[in-house]
Structure formats: C-alpha cells, structure tokens
Amino acid sequence: MTETIAKITPEALAEIVREAGFRANAEHPADGDPCVAFGSNGYECYAYFYSPLADAPGYYERVLLSFGIKMEKGVSYEVANEWNRTKVFGRAFISKTGGIRLEHIFLLRGGVSQGNIAAYFKSWDSVLGSFLHFLDGVTHDTAAGGNTRPTSGTDVVYDRSKLN
C-alpha cells in the first residue's frame with residue numbers, strides 16, 4: 001500500500017522534488033518563512049508553506065508554488081486576466097513591484113502519495129513552460145511594441161507578507 005502524506009516539512013518536500021528530477025533546496029531564512037527553491041524551465045521557483053500544524057511543529061499541510069518575473073517594458077493586468085480566463089492551473093497576477101506572477105496551491109489534507117506530489121511538480125513544470133510561451137506571444141503583440149521578453153536575472157524574489 002502506498003503511504004499517504006498529509007503533512008510535510010520543507011526538507012521532505014525538497015527530497016521528493018529532487019527525486020522527481022528537479023533541483024531543489026529547502027531554505028530557512030532568518031527573517032522569513034521556510035520555503036523550497038526549485039528549478040523549472042531554467043528559472044528559480046519557490047514552494048511556500050502554509051497552515052503549520054500546532055501538534056507537529058515544522059510540518060505543513062498547504063504548499064504554494066510560485067514564480068515571478070519582471071518584463072522589460074512591463075505587462076498589463078489584461079495579460080494576467082487573459083491567462084486566468086483561459087487556464088485552470090496557475091493563477092496569474094501583477095505584483096506590487098510590477099512583475100507578473102504565477103501561483104498555484106496544493107493541499108495535503110486527507111493525504112496524497114509521494115507520486116502525486118512528484119506529478120504535481122511535473123505538471124507545474126509543464127504549465128510554467130506554457131505560461132512563458134504565453135507571455136512571449138502576448139507581450140510581442142502589445143501596443144507599446146518592441147521586445148518585451150523577460151529580462152535576464154530578474155526573477156522576482158519577494159516577501160509574501162508584503163503581497164496582501
């Protein structure tokens with residue numbers, strides 16, 4: 001019988017993600033919440049943890065996958081809205097810093113298998129590839145014109161407490 005996982009630590013998630021073929025490291029910043037930094041489509045993404053369990057310190061039951069990037073000439077709310085209108089997996093929005101973000105949450109409550117978690121990250125990788133392709137297409141058709149590809153080295157690393 002496959003073991004079900006209803007709670008997870010950043011270290012355990014990083015191990016599952018590595019076993020699924022991704023680069024992943026658990027991080028515990030002194031001034032922030034733990035996360036797992038992982039690679040997807042050549043970019044740095046993050047898995048943030050929510051719903052810490054009072055009866056199991058260091059364990060969580062919700063995980064938010066997150067990617068952010070700034071574009072050379074910016075990106076409009078309409079671009080994020082179009083993604084959200086036509087896609088189910090991954091919510092896009094414009095951050096306070098003007099970058100575009102893609103996020104999706106998954107729940108462990110009730111239990112999932114390690115294989116389900118690995119498949120979830122593989123799905124994220126596919127969706128992020130689609131999102132990057134989508135951005136490449138819509139940003140080249142903007143009224144502003146010109147090249148609005150993602151600027152290199154501009155992944156948006158943010159403090160999620162400042163997004164509210």
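Student: Which residues does L13 touch, leaving out those up to four places away in sequence?

Tutor: L13 touches I8, V36, A47, F49, V63, F106, I117 and F121, with residues up to four places away in sequence not counted. Keep in mind that this is a predicted model.

Student: How do I read a list like that?

Tutor: Start from a general tendency. In soluble globular proteins, nonpolar side chains tend to be buried together. Here, the largest nonpolar core has 42 residues. L13, I117 and F121 have the most contacts inside this core.

Student: Which elements give two or more residues to this core?

Tutor: They are the helices α1 (10-19), α2 (77-86) and α3 (114-139), along with β2 (35-40), β3 (43-53), β4 (56-71), β5 (91-94) and β6 (100-107). The largest share, eleven residues, comes from α3. Another core, of five residues, lies apart from this one. C35, A37, Y48 and L64 are among its residues.

Student: How many disulfides are there?

Tutor: First the idea. A disulfide is a covalent bond between the sulfur atoms of two cysteines. To count one, look for two cysteine sulfur atoms within 2.5 Å. By this rule, the count here is zero.

Student: Is C45 buried or exposed?

Tutor: C45 is buried, because its relative accessible area is 0% and the cut-off for buried is under 20%. C35, at 5%, also counts as buried.

Student: Now helices. Which residues of α2 are buried?

Tutor: V79, A80 and W83 are buried in α2. Next, check where they point. They span an arc of only 100 degrees around the axis, so they sit on the same side of α2. Then look at the face turned away from that buried side. It carries the exposed residues Y77, E78 and R85.

Student: What about aromatic rings? How many aromatic pairs are there?

Tutor: Look at two values, the distance between ring centres and the angle between planes. The count comes to nine aromatic pairs. Take Y43 and F67, whose rings are 5.3 Å apart centre to centre, with 75 degrees between the planes. That makes the pair edge-to-face, because planes over 60 degrees apart count that way. Y43 is in strand β3 and F67 in strand β4, so the pair ties together parts 24 residues apart in sequence. Y43 is partly exposed, at 22% relative accessibility. F67 is buried, at 0%.

Student: Which strands hold F49 and Y60?

Tutor: F49 lies in β3 and Y60 in β4, so this pair ties together parts eleven residues apart in sequence. The pair is tilted, with 45 degrees between the planes and 5.3 Å centre to centre. F49 and Y60 are both buried. Rings can also form clusters. F38, F89, F106, Y120 and F121 form one aromatic cluster.

Student: Let us try the loops. Where does S95 lie?

Tutor: S95 lies in the loop between β5 and β6. Do not judge burial by the loop alone. S95 has a relative accessible area of 8%, so it is buried. Its side chain makes a polar contact of 2.9 Å with the side chain of T97.

Student: And which residues is S113 in contact with, leaving aside neighbours within four places in sequence?

Tutor: S113 is in contact with T2, E3 and I5. Sequence and space can tell separate stories. S113 and T2 are 111 residues apart in sequence, and 6.6 Å apart in space, C-alpha to C-alpha. S113 lies in the loop between β6 and α3 and counts as buried, at 16% relative accessibility. A polar contact of 2.8 Å joins the side chains of S113 and N116.

How values were computed. Residues numbered from 1 in each chain as written. Predicted model: local features only at pLDDT ≥ 70, side-chain atom pairs only at ≥ 80, totals over all residues. Heavy atoms only, no water. Core = buried A, V, L, I, M, F, W, Y, C linked by side-chain atoms within 4.5 Å. Buried < 20%, exposed > 50% of the residue type's maximum accessible area, 1.4 Å probe, protein only. Helix = DSSP H or I, 4+ residues; strand = E, 2+ residues; numbered from the N terminus. Contact = heavy atoms within 4.5 Å. Arc of directions from axis to C-beta. Polar contact = N/O pair within 3.5 Å; in protein donor to acceptor, adjacent residues only side chain to side chain. Phe/Tyr/Trp six-rings, centres within 6.5 Å; stacked < 30°, edge-to-face > 60°.
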